[in-house]
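Colleague: Got a minute to go through this model with me? I'd like to talk about cavities and then strands.

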Amino acid sequence: ILMSRIDRLPAIPLIASDPYLSIWMPADTMTQTDSIHWSGPIKPIRGTMTVDGAACRFLGAGCEPEAALTELRVSATQTALISEFRGVQLETRFITPALPDDLDVLSMPVTLVTFRASMLDGAKHDVSIQLHLSDRFCYDGEIRPAMTSAAMTLDGRSAAWCGQSTQKPLCHSGDHVTIDWGYLYLTGDGETQPVGDGLQMTAKLTDDTVRAVIAYDDIASINYFGDLCKAWYRRNGLQITDAIHYAFEHFDELLNRCDRLDAEIERDSLAAGGEDYAILTAASWRQVMAAHKLIATPEGEMAYLSKENDSNGCIGTVDISYPSSPLFLRYNPELVNAMCRPVLKFASMPVWTDDFAPHDIGRYPLATGQVYAAVHRVGAKETHPPYYLYPASSSIYDPRGQMPVEECGNMLVMLEAAVAYGADDALVRQYRPLLDQWVRYLLTYGEDPGEQLCTDDFAGHLAHNVNLAMKAIVGVACYGRLIGDEVYIEKARGMAERLLKKIGECGNTPLTLDGQGWSMKYNLLWDKVLHLSLISEAFYASETKSYLARMNTYGLPLDSRADYTKSDWLCWVAALAEDMDVRRALIAPIARMLRETTSRVPFSDWYDTKTGRFVAFIGRSVQGGLFAPMLRL
């Protein structure tokens with residue numbers, strides 16, 4: 001197995017396909033408790049092993065004795081557990097084929113599972129395993145609805161499925177919700193059948209590896225401006241059974257490809273930031289992928305839609321895509337275009353009359369128009385009106401709740417970065433009038449932003465935000481690159497010169513243009529990685545070194561207003577450092593937080609630098625920002 005040993009994470013990824021199919025084990029061992037959905041509800045996956053008639057648990061809660069967990073390995077695409085009981089060692093692997101170079105496979109909601117036994121004492125043993133999946137996967141809340149299930153045969157293999165008797169696809173939207181429709185499938189080498197509360201596979205373990213595929217048919221994935229769209233792999237008529245068939249037909253090939261990807265990510269991580277950094281990328285890859293859904297639009301194009309987990313549930317949030325983009329720029333920049341496409345489509349609709357970019361395109365899984373700053377309020381599971389159908393005279397958004405400079409800068413940067421890293425420029429040509437409008441906004445209001453929200457909106461409104469001014473500067477420069485006009489790059493350089501006259505070039509730069517406080521200058525990442533030449537190398541050396549004196553046990557605070565930090569932005573400023581010792585010093589406390597935090601949640605990007613406990617934000621896609629140092633390779 002090509003993956004580094006990780007003895008401890010606050011939560012271990014098991015199944016990670018999309019925001020609804022994202023299941024984790026929130027414990028040090030795999031038998032202390034049951035697995036959960038990222039948002040907290042219990043979604044049990046249970047595994048038992050029987051050795052010569054004696055049963056033990058190697059996964060999940062239960063009454064059987066616990067097998068000893070002797071090793072845990074987590075890589076970008078895989079989690080491997082090594083358990084021992086009565087002279088038998090069991091290796092269990094959960095593999096998510098989140099392959100960025102194969103978007104059909106990436107979009108398939110399948111998890112590959114393998115079981116392999118070896119005899120530690122040299123004796124012969126009668127060994128079998130049971131894998132049990134709860135039908136809680138198929139409904140939201142604690143009240144179990146009427147369920148239905150059946151066994152079947154797929155390509156000669158034993159299979160079973162379960163789901164609600166009455167199906168209501170896309171029947172809710174919100175944040176802390178799980179899917180309330182669709183069907184769970186379990187197929188494997190053993191005997192698979194429905195049981196009272198889910199699906200179960202039983203298999204004898206001999207010298208061969210036993211294989212299983214866990215899959216989920218969500219029927220319809222996203223309401224995309226009125227069209228009920230399916231996952232990308234289904235665009236030409238494939239069904240969930242085709243995905244299961246593909247997974248088994250290519251099982252060994254997929255494992256080998258995952259091994260190679262894991263090794264590549266580990267090599268890149270060690271080169272970009274060292275061993276602690278490799279822990280961060282291994283812990284975040286599947287989380288980032290599972291916070292998105294890749295669909296085919298009605299036009300047959302890709303839309304890659306994030307869910308704003310543990311925040312407000314928004315779909316396609318621009319300032320969520322922006323921090324996540326480094327991972328995709330490194331491994332498939334077309335996915336950055338696929339993030340931008342839905343936003344550009346919505347911004348072209350009559351209802352969007354503002355001269356700046358939108359914040360989002362709806363609330364997951366309903367991409368039916370921006371909900372952030374909407375005057376119309378709805379409940380946690382109620383649906384917003386179909387804003388995309390509203391006429392231009394509707395006035396449905398509160399201007400104070402918008403993020404004008406933030407989102408204009410984000411969109412221009414993402415579009416240029418995608419092209420710079422090899423993506424097609426068709427979106428730029430198609431939506432040029434919008435980009436012209438957004439750069440005008442940055443030139444008018446970006447050099448000294450008024451009292452506005454930025455992506456760190458949890459900190460509240462802030463006037464004269466230096467970081468926001470820096471975003472405007474790189475946004476203008478990126479626009480110039482996009483359209484091939486040096487005039488705009490020179491405008492950006494002029495903005496940068498005037499900024500440095502206000503804040504200085506000797507480190508410890510302020511939070512605001514009037515000299516108050518201090519902050520990380522994460523938005524300057526693009527000056528470095530896109531070689532915009534806006535600001536001198538001397539500035540970056542002094543600025544990044546000045547952060548070291550402000551470090552707490554678990555990292556550098558976001559700014560002078562509080563002790564909390566954002567792990568994504570921390571990795572962005574680490575990427576600014578040419579000095580590898582400085583870079584490693586900025587990264588190491590994040591890995592320490594993972595090893596020591598008492599918060600049993602998937603990798604939180606917003607946590608306290610003194611206690612290591614998460615403040616909020618669980619399982620979010622923004623951890624793609626942890627891959628920023630790789631953009632310096």
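Colleague: Which helices each supply at least two residues of the lining of the second largest cavity?

Modeller: α5 (318-331) and α14 (567-576) do. Helices here are DSSP runs of H or I with at least four residues, strands are runs of E with at least two, and both are numbered from the N terminus. α5 gives the most, with three residues. It's a predicted model, so local features need pLDDT of at least 70 and side-chain atom pairs count only at pLDDT 80 or more, while totals for chains, interfaces and linings use all residues. Residues are numbered from 1 along each chain as its sequence is written, and side-chain values use heavy atoms, with hydrogens and water left out.

Colleague: What volume does the second largest cavity have?

Modeller: About 100 Å³. A cavity is a set of points on a 1 Å grid over the protein atoms alone where a 1.4 Å probe fits but cannot get out, and lining residues have an atom within 4 Å of a point. Points are joined across faces, edges and corners, and the volume is the space filled by probe spheres set on them.

Colleague: Which residues are closest to its centre?

Modeller: Asp 319, Ile 320, Thr 455, Phe 617 and Arg 620, out of 18 that line the second largest cavity. By class, that lining has eight nonpolar, three polar and seven charged residues. Ala, Val, Leu, Ile, Met, Phe, Trp, Tyr, Cys and Pro count as nonpolar, Asp, Glu, Lys and Arg as charged, and the others, Gly among them, as polar.

Colleague: And the largest cavity, how much space lies in that one?

Modeller: About 160 Å³. Its lining has 12 nonpolar, four polar and two charged residues. Ser 17, Leu 106, Ser 107, Met 108 and Met 289 lie nearest the centre of the largest cavity.

Colleague: Which element has the largest share of that lining?

Modeller: β19, with three residues.

Colleague: How many cavities of 30 Å³ or more are there?

Modeller: The structure holds 10.

Colleague: Switching to strands: how do β11 and β12 run, parallel or antiparallel?

Modeller: Antiparallel, with eight bridges joining β11 (residues 147-154) to β12 (residues 157-164). Two strands pair if DSSP finds at least two bridges between them. Ala 151 has Ala 160 in β12 as its bridge partner.

Colleague: What's Asp 155 doing in that hairpin?

Modeller: Asp 155 takes a positive phi near 55 degrees, in a hairpin with two residues between the strands.

Colleague: What order do the strands take in the three-stranded open sheet?

Modeller: β18-β17-β21, with mixed pairing. The edge strands, β18 (227-229) and β21 (366-367), each pair on one side only. β17 (residues 222-224) and β21 run parallel, joined by two bridges.

Key
1 Å grid on protein atoms, 1.4 Å probe; cavity = no way out; pocket = protein on both sides within 12 Å on 5 of 7 lines; lining within 4 Å.
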